[in-house]
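Colleague: I'd like a close look at one part of this model, the aromatic side chains and what surrounds them. Could you walk me through it?

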Amino acid sequence: MMKRIKKAFAALLALCLLFGLSATAQAKEVEIKGQGLKLEVPDNFEIAMQQDGDTASVLTFRATGDDAVLYIFSMGEDEPYAGRWMTDFTQEELDKLFATYSADMANPSYTVEEDEGQRWMLMRDELNREAIYMTILFGYQCEISALRVDGEALTEEQIAPLKQMIGTLAVSLPDESFPATQG
């Protein structure tokens with residue numbers, strides 16, 4: 001379902017950009033309204049669209065001067081993992097998660113990265129036109145994607161902001177605020 005939402009918003013964004021309706025924001029920190037999440041984006045990123053709902057949010061943006069890459073942050077509740085963190089997942093659960101979230105990619109592969117109590121999955125398609133960093137935070141699926149809109153391969157410089165941004169996710173619950181880790 002999140003894949004369909006992401007693709008629908010990407011198509012809507014493309015139309016908005018075509019007609020010059022995108023808005024520019026220089027804010028470093030973006031609050032995902034109603035979800036208790038904050039995300040830091042590089043200063044040179046322009047927010048093109050933000051759609052927040054009760055159970056899902058989508059944010060699309062571009063790097064200033066690089067119209068070839070569309071970045072999309074999306075998050076939503078993932079009931080099978082309610083209350084869980086990706087750091088708790090077994091290899092079998094990681095493989096299942098990869099199979100679910102990479103179903104629309106051409107010959108995808110993934111690696112798992114860990115740093116300071118956080119765990120992310122990096123998924124890429126065979127031609128390196130799409131890269132996704134994703135994690136599960138207390139039952140919420142959070143992913144940041146980079147998509148080449150011109151059909152060319154992503155460069156490592158275009159993929160690097162994905163890891164930078166997902167590493168800044170902060171979760172705020174009603175009684176406490178903590179970074180996206182278990183501890």
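How many aromatic pairs does a search of the whole structure find?

Modeller: Quick ground rules: this is a predicted model, so local features need pLDDT of at least 70 and side-chain atom pairs count only at pLDDT 80 or more, while totals for chains, interfaces and linings use all residues. Residues are numbered from 1 along each chain as its sequence is written, and side-chain values use heavy atoms, with hydrogens and water left out.

The search turns up 6 aromatic pairs. To pair, rings of Phe, Tyr and Trp (its six-membered ring) need centres within 6.5 Å; planes under 30 degrees apart are stacked, over 60 edge-to-face, and the rest tilted. Take phenylalanine 61 and tyrosine 71: their ring centres are 6.1 Å apart and the planes sit at 5°, so this pair is stacked. The two partners come from distant parts of the chain, 10 residues apart, with phenylalanine 61 in strand S4 and tyrosine 71 in strand S5. (Helices, H or I with at least four residues, and strands, E with at least two, are DSSP runs numbered from the N terminus.) Both rings are tucked away: phenylalanine 61 is buried at a relative accessible area of 0%, and tyrosine 71 is buried at 2%. Buried here is under 20% relative accessible area, exposed is over 50%, and partly exposed lies in between (1.4 Å probe, protein chains only).

Tyrosine 81 and phenylalanine 89 make another pair, with centres 4.8 Å apart and planes at 35°, so they count as tilted. Tyrosine 81 and phenylalanine 89 are both buried too. Back at the stacked pair, Phe61 and Tyr71 join Phe45 in one aromatic cluster.

So what is packed around these rings? A nonpolar core is a set of buried Ala, Val, Leu, Ile, Met, Phe, Trp, Tyr and Cys residues joined through side-chain atoms within 4.5 Å. The largest one has 27 residues, and Leu39, Phe61, Tyr71, Phe73, Leu162 and Met165 touch the most other members. Elements giving it two or more residues include strand S4 (56-63), strand S5 (66-77) and helix H3 (156-166). Phe89 turns up elsewhere, in a second, separate core of 13 residues that also includes Tyr101, Met121 and Met134. In general, nonpolar side chains tend to be buried together in soluble globular proteins.

Leucine 162 shows how the first core meets one of those rings: leaving out residues up to four places away in sequence, leucine 162 touches Tyr71, Ala131, Tyr133, Ile144, Ser145 and Ala146 (contact means heavy atoms within 4.5 Å).

One aromatic residue is worth a separate mention. Phenylalanine 138 lies in the loop between S8 and S9 and has a positive phi near 50° without being a glycine. Most residues other than glycine have a negative phi. At a relative accessible area of 39%, phenylalanine 138 is partly exposed.

How far to trust all this? pLDDT is the predictor's confidence in each residue, from 0 to 100. The chain averages 75, with 70% of the residues scoring at least 70. Confidence is lowest in helix H1 (residues 2-18), at a mean of 36, and highest in helix H2 (residues 91-101), at 92. It also drops below 50 over residues 174-183, a stretch with 21 contacts beyond near neighbours in sequence. Where pLDDT is low, the predicted coordinates should not be read in detail.
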